[in-house]
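Student: I should like to learn how salt bridges and burial are read from a set of coordinates. Could we work through one structure together?

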Amino acid sequence: MNYRPLTALVVICLCACSSTRVAVEARAVAATLTDNPDRYIVAGVDNDAPSDAGHAGSSPRGYDGLAAYGPTPHAQQMLRGLEREYGMREITAWPIAPLHMHCAVLEIPPGADRVAMLAALTQDRRVRIAQPLQTFVTQTSVYDDPYVALQRGFQKIDVADAHPWSRGEGVRVAIIDTGVDDLHPDLRGAIVEVANFVDADVGQFRRDRHGTELAGIIAAVANNGEGIVGIAPGARLSIFKACWQLRDDADSARCNSYTLARALTAAIDSRAQVVNLSLAGPADPLLRQLIQEGLRRGILFIGAAPPETTKPEDVLLQFGGVIEVAGDGILGGPGAPLRAPGREILTLLPGGRYDFASGTSLATAHVTGIVALLLAKNSKLTGTAVYQLLRDTSVHVDAGDDDSVDACGAVTALIGHGLCHDGTPGGRVAMH
C-alpha cells in the first residue's frame, strides 16, 4: 500500500487579494488514516530536550518557536525499537513541546488485535501513552430536514448592549475545526494566523463551511457595511484546521487524535486565551493531557456538550476546567452545561455568502464570543469564574424552559455598571 508522505512541511502564502497574508502550515493526512482509522494507534515516549532547546511559548513570534523543539535521538531510538518489537510501521511522528513527548501514528501489523497490542504497549516502560487513533465529529444540527432551519428565528443574547463596554479587543481566540473562508469580506482583518494539519489544499480550506460559520458568529467585522456583526468583533482569530469536511455542501466533518493533537499544540504555542472546540468524540488520553496543559497555562476551553445519553467517561471534553455548552432546546449530557442560541443562527458561508445554520457547535461559538468580551475586560479570569458568571447572569430568552447566556448581563456584572436591554443595572458578581 502506498502512503503519501506526512512529514513534509508545506508553507503556502495566501494570495495577495487577502487583506492579511497568512502562512498556512500543512501536513497531509494520508487518506488511509481517515478511511481506515482502526488500523492505527498513537504512541508517545519521553522526549527530554537539551537545556538550551526552545519551548512552547518561549518566543513572541508564537508558532514559529516550535522549530527549535525536535525529537531527541533517544526518543527516536525508542520508537524504532517499539516498531521492531511489535511489528508496527510509523506513518508520521511529531514532537509535542508542551508535554515533553515525542508521538507517532503507527500502523499495526495485518491481522493484529489492536486492543491486545494497546494493552501490551501500556505495560511497556518505554511508553508514556498508547491509545487508538480516534475519530471526532463536529457538532452540527441533529436534523436533516431541508427546511428545518426556517422554523425558528435568530435569537439575540443582547450583544449590542454589551458592545459599548467590550468588543473583545485584542483577545486571541483559537478555533480548532475545519478551515475558514479567510477571504470573506466579513472576516477581513479578523484572522491573524492559519495552520492546516489536514492537507495542503488552500482552495478546500476556504470552501469549508463549519469553521466559517463559527468564525462569523465569534468575530464577524462590525460597521463595515457587510452582512452581520460578530459577538466579539475586536477579537483576533487563529484558525487551526484539524477536521476535514465530508462534502463541500455539508457542515459535517471528521477529525482524529493526530490532527487534534497538532492543533492543540499550536493553540498552546500561539498563546491563545480561549479555544473553541465545537466537536464531540470519545475520551482521549493524549488530547486530555494537552487540554490540561493548556488549562494549567491559563487558557480557557469552550466545548460542545455531548448528547444527554452519553456517559461522562466516554466524552473528550467532560472534565474539570472545560466550559461545556448546549444549544437551546437541545438536551445536554451529565452536568450543568451553559445554554446558548443554537437554532436558526444567521452566520457566514464560504464564498462571501450568508445563511442560517443550527447545531450545538453554533451555541458553543456564542459562548466563546462572550468569553472574549469578558477577557478583554479582565484577562486573568479563570474558567471557574467565567462559568459561574455566565451561569449567574443567564436569562430566559423565550417562552421555553431553557435559560440562555446573556452577553450584556455578563459584561456589566463583571465591570459593575451599565444597563442592559431590560433596563436592569449591571451588578457586581463574586468571582471564584
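Tutor: Certainly; please bear in mind throughout that this is a predicted model. We may begin with a single residue: Asp 46 has a relative accessibility of 38% and therefore counts as partly exposed, the class between 20% and 50%.

Student: With which residue does Asp 46 form a salt bridge?

Tutor: The general criterion is a side-chain nitrogen of Lys or Arg within 4 Å of a carboxyl oxygen of Asp or Glu. Here the partner of Asp 46 is Arg 128, with 3.3 Å between the closest N and O atoms. This pair links distant parts of the chain, 82 residues apart: Asp 46 belongs to strand β3 (residues 40-46), whereas Arg 128 sits in the loop between α3 (114-123) and β6 (129-132). Arg 128 is also partly exposed, at 34% relative accessibility.

Student: How many salt bridges does the criterion give in total?

Tutor: The count is twelve. One of them joins Glu 83 to Arg 80, whose closest N and O atoms are 2.6 Å apart.

Student: Why are Glu 83 and Arg 80 separated by about one helical turn?

Tutor: The reason is their spacing in sequence: they are three residues apart in helix α2 (residues 73-86), so about one helical turn lies between them. As for accessibility, Glu 83 is buried at 14%, while Arg 80 is partly exposed at 33%.

Student: Is Lys 241 buried or exposed?

Tutor: Lys 241 has a relative accessibility of 1% and therefore counts as buried, the limit being 20%. The side chain of Lys 241 meets that of Asp 208 in a salt bridge, at 2.8 Å from N to O. Again the pair links distant parts of the chain, 33 residues apart, with Lys 241 in strand β10 (residues 236-241) and Asp 208 in the loop between α4 (202-207) and α5 (209-219). Asp 208 is buried as well, with a relative accessible area of 0%.

Student: Which residues do salt bridges with shared partners join into one network?

Tutor: Arg 80, Glu 83 and Glu 90 are joined in this way.

Student: May we close with a residue in a loop? Where does Ala 222 lie?

Tutor: Ala 222 is found in the loop between α5 and β10. Its relative accessible area is 16%, so Ala 222 is buried. Leaving aside residues up to four places away in sequence, Ala 222 touches Arg 167, Val 229 and Pro 233. In addition, the C-alpha atoms of Ala 222 and Ala 232 are separated by 9.1 Å, the two residues being ten apart along the chain.

Technical notes:
Residues numbered from 1 in each chain as written. Predicted model: local features only at pLDDT ≥ 70, side-chain atom pairs only at ≥ 80, totals over all residues. Heavy atoms only, no water. Helix = DSSP H or I, 4+ residues; strand = E, 2+ residues; numbered from the N terminus. Buried < 20%, exposed > 50% of the residue type's maximum accessible area, 1.4 Å probe, protein only. Contact = heavy atoms within 4.5 Å.
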